[in-house]
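Let's take a walk through this model together, one piece at a time. Keep the 3D view open and click along as you read.

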Amino acid sequence: MHFTTRIDGSTACIAVHGEIDYDTLPLLRAAAAALPPGVTELVWDLEHARFMDVAGLHLLFEERSPEGPVRRITVTNLAPQPLRLLMLATEIRPDLELTRLFPDTPTALLDD
């Protein structure tokens with residue numbers, strides 16, 4: 001697994017290439033933690049992350065550290081398997097608020 005980080009103003013995009021699992025989770029957390037404090041939005045581009053296990057859920061939904069900056073987190077370009085995992089997780093735990101990860105997606109599309 002590798003990733004690329006692009007920063008444009010106050011938005012950072014981290015594009016993941018490979019699997020998101022417990023082996024890669026520390027690297028991805030470290031990448032997010034290393035972003036400059038002025039970054040207020042983090043977009044996870046998962047187009048090339050064809051597999052994600054529960055570690056991906058931790059990455060996207062975990063509580064943020066009170067010492068860290070407040071960032072809006074969204075995802076884009078989800079492959080079918082990671083999207084299915086997110087949908088299953090929110091069926092079991094509706095409090096995960098899937099819609100916050102997809103702010104520009106009509107809710108009806110997520111309910112299909």
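What follows starts with a helix in the middle of the story and works outwards from there. Bear in mind that this is a predicted model.

Go to helix 2, residues 54–61. How many of the residues of helix 2 are buried? The count is 6 of the 8, so helix 2 is largely enclosed by the rest of the structure. If you'd like to click through the buried ones, they are Ala55, Gly56, Leu57, Leu59, Leu60 and Phe61. And what do they pack against? There are two helices on the list, helix 1 and helix 3 (80–92), plus two strands, strand 3 (41–48) and strand 4 (72–76).

Let's take the helix neighbours in turn. Two packed helices are described by the angle between their axes and the distance between the axes. Begin with helix 1, residues 25–33. Helix 1 and helix 2 pack at an angle of about 15°, and their axes are 10 Å apart. Angles under 35 degrees count as roughly parallel, and helix 1 and helix 2 are therefore roughly parallel to each other. Their crossing is right-handed. On the helix 1 side, the contact is made by Leu25, Leu28 and Arg29, while helix 2 brings Ala55, His58 and Leu59. Sort the residues in this contact by class and you get 4 nonpolar, 1 polar and 1 charged.

Now swing round to helix 3. Here the axes are again given as 10 Å apart, but helix 2 and helix 3 pack at an angle of about 75°. Anything from 65 to 115 degrees counts as roughly perpendicular, and that is therefore how helix 2 and helix 3 sit relative to each other. Which residues of helix 2 meet helix 3? They are Val54, Leu57, Leu60 and Phe61, and they meet Leu85, Leu86 and Ala89 of helix 3. By class, this contact has 7 nonpolar residues, with no polar and no charged ones.

Next, have a look at how helix 2 begins. The N-terminal end of helix 2 is capped by Asp53, with a side-chain oxygen lying 2.9 Å from the backbone nitrogen of Ala55. Both Asp53 and Ala55 are also touched by another aspartate, Asp21, once its neighbours within four places in sequence are left aside. You'll find Asp21 in the loop between strand 2 (11–17) and helix 1. Is Asp21 buried or exposed? Its relative accessibility is 14%, and the cut-off for buried is under 20%, so Asp21 counts as buried. The side chain of Asp21 has a local partner as well: one of its polar atoms lies 3.0 Å from the backbone nitrogen of Asp23. As for His2, it is 19 residues from Asp21 in sequence and 12 Å away in space, C-alpha to C-alpha.

From there, move over to strand 3 and pick out Leu46. Leu46 is buried, with a relative accessible area of 2%. What does Leu46 touch, not counting residues up to four places away in sequence? The list runs Val16, Ile20, Met52, Val75, Thr76, Asn77, Leu78 and Ala79. Val16 is a nice one to check by eye: Val16 and Leu46 are 30 residues apart along the chain, yet their C-alpha atoms are separated by 5.7 Å.

One of the residues Leu46 touches, Asn77, deserves its own stop. Asn77 sits in the loop between strand 4 and helix 3. It has a positive phi of about 55°, although it is not a glycine. With 40% relative accessibility, Asn77 counts as partly exposed.

Finish with two prolines in helix 3, Pro80 and Pro82. Which of these is buried and which is exposed? Pro80 is exposed, with a relative accessible area of 66%, whereas Pro82 is buried, at 1%. Leaving aside neighbours within four places in sequence, Pro82 is in contact with Ala49, Arg50, Phe51 and Met52. Between the C-alpha atoms of Pro82 and Ala49, 33 residues apart along the chain, the separation is 7.8 Å. Pro80 and Arg50 are 30 residues apart along the chain, and their C-alpha atoms are separated by 7.6 Å.

Definitions and conventions. Residues numbered from 1 in each chain as written. Predicted model: local features only at pLDDT ≥ 70, side-chain atom pairs only at ≥ 80, totals over all residues. Heavy atoms only, no water. Axes fitted to C-alpha atoms, helices over the stretch in contact; angles between N-to-C directions. Helix = DSSP H or I, 4+ residues; strand = E, 2+ residues; numbered from the N terminus. Parallel < 35°, antiparallel > 145°, perpendicular 65-115°, else oblique. Left-handed = near helix turned anticlockwise from the far one by under 90°. Contact = heavy atoms within 4.5 Å. Nonpolar A, V, L, I, M, F, W, Y, C, P; charged D, E, K, R; others polar. Buried < 20%, exposed > 50% of the residue type's maximum accessible area, 1.4 Å probe, protein only. Polar contact = N/O pair within 3.5 Å; in protein donor to acceptor, adjacent residues only side chain to side chain.
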